[in-house]
2 protein chains.
Amino acid sequence: MGVEMFVRAILQQKGSEVVTIGGDATVADAARTLAHERIGALVVTDGGDLRGILSERDIVRGLAESGRDVLDAPVRSLMTRRVSTCGLDDDLDTLMSTMTEQRIRHLPVMDGGALAGIVSIGDVVKHRVGELQVEARTLHDYIETGR
Amino acid sequence: MGVEMFVRAILQQKGSEVVTIGGDATVADAARTLAHERIGALVVTDGGDLRGILSERDIVRGLAESGRDVLDAPVRSLMTRRVSTCGLDDDLDTLMSTMTEQRIRHLPVMDGGALAGIVSIGDVVKHRVGELQVEARTLHDYIETGR
């Protein structure tokens, strides 16, 4: 079953930084920020409050539906407004279920109403790989020492 | 540790269909196909041969680096040419490691030199969730029946 892993531990490793953008910025600005930061989604905030999330997927769908002029549109016109979030004490399995059921790749982490980080599907898989390595080492030690 | 899951089983559930595009198609065509098919990457083929992969990420980075005219460029100018692939007998843990190490979200499946499917990071997490549900049920039955 492995060691149970929580959002808190993921953020301890990756940090709590969240790249945000304002709803008035253009979609072209958002694309540049995503590429520069090498990330897949931006949290859209307004005076510190979570307003939405804008992913690479949202941009590609916007281009497909509205053509290239969508790049001049404000981020708020393309962002996803109903944002699923998670908490510091949620475990990895819960995150995996949420991402699968909602077909999303990013979950902002909320701590008492404030943005405390963001976890991507890549983070989840990376930490699951870490768990598997611990399991393998534990089994190896068990076999080596006979206990 | 759970039931070991292989690529073959994932494809049995999701099917072996791979959405492909030619290298001469435009990036705008690719964006429309990605949105229409509700997927994150297209395999680029030339007469049936695997030439590269083009993801939502590649398009957003192309926009950031080259501006909106990149939408008129051919897919081959933006695709990733060095494509990591997997085989039908690879297990889920191997896929997770590959995706984590290479920071990629899609692995075309090759079977004897031919394209046999594609596995996304979303598929991997979805099947891991399925494994966890089996584990939970097994534990529950064990406790209920005392063996």
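**Entry 1: a salt bridge inside chain A**

I started with A:Asp123, which forms a salt bridge with A:Lys14, the closest N and O atoms being 2.7 Å apart. I then checked where the partners sit: A:Asp123 is in helix 5 of chain A and A:Lys14 in helix 1 (residues 7-14), so to speak distant parts of the chain, 109 residues apart. Over all chains, I get 16 salt bridges by the rule.**Entry 2: the fold and how far I trust it**

I am working from a predicted model, and I looked at its scores before going on. I read ipTM 0.89 and pTM 0.90 for the model. For chain A, I noted a mean pLDDT of 92, with 96% of the residues at 70 or more. Where in chain A is confidence lowest, and where is it highest? I found the lowest mean, 82, in helix 5 of chain A, and the highest, 98, in helix 2 of chain A.

I counted five helices and six strands in chain A. Reading from the N terminus, I wrote the order of elements down as α-β-α-β-β-α-β-α-β-β-α. I also boxed the C-alpha atoms of chain A along the principal axes and got roughly 65 × 35 × 30 Å.

**Entry 3: how the two chains relate**

Next I superposed chain A on chain B. A rotation of 180 degrees does it, with 0.0 Å of shift along the axis and an RMSD of 0.1 Å. I put this down as a two-fold axis, because that is the relation such an axis has. I also checked the contact residues: 100% of those in chain A recur in chain B, and the same surface serves both copies.

**Entry 4: the interface**

How many residues does each chain bring to the contact? I count 34 residues from chain A and 34 residues from chain B. Between them, chain A and chain B bury about 3,300 Å², and 63% of that is on carbon and sulfur atoms.

I went on to the pairs that cross over. The rule finds six salt bridges across the interface of chain A and chain B. One I looked up joins B:Glu56 to A:Arg105, with 3.2 Å between the closest N and O atoms. The polar contacts across this interface come to six residue pairs, both residues being at pLDDT 80 or more.

Which helices of chain A supply at least two residues each to the side that touches chain B? I have helix 2 (27-37), helix 3 (56-66), helix 4 (92-102) and helix 5 (121-145) on that list. Helix 5 of chain A gives the most, with nine residues. I keep in mind that helix 5 is also where confidence in chain A is lowest.

Last, I sorted the side of chain A that touches chain B by class: 16 nonpolar, five polar and 13 charged residues.

Technical notes
Residues are numbered from 1 along each chain as its sequence is written. Chains are lettered from A and ligands numbered from 1 in the order in which they are written. This is a predicted model: local features need pLDDT of at least 70, side-chain atom pairs count only at pLDDT 80 or more; totals for chains, interfaces and linings use all residues. Side-chain values use heavy atoms; hydrogens and water are left out. Contact means heavy atoms within 4.5 Å. Buried area is the accessible area (1.4 Å probe) that two parts lose on being put together, summed over both. A salt bridge is a side-chain nitrogen of Lys or Arg within 4 Å of a carboxyl oxygen of Asp or Glu. A polar contact is a pair of N or O atoms within 3.5 Å; within protein, one must be able to donate a hydrogen and the other to accept it, and residues adjacent in sequence count only if both atoms are side-chain atoms. Helices (H or I, at least four residues) and strands (E, at least two) are DSSP runs, numbered from the N terminus. Ala, Val, Leu, Ile, Met, Phe, Trp, Tyr, Cys and Pro count as nonpolar, Asp, Glu, Lys and Arg as charged, and the others, Gly among them, as polar. pLDDT is the predictor's confidence in each residue, from 0 to 100. Copies are superposed by least squares on the C-alpha atoms of residues with pLDDT of at least 70 in both.
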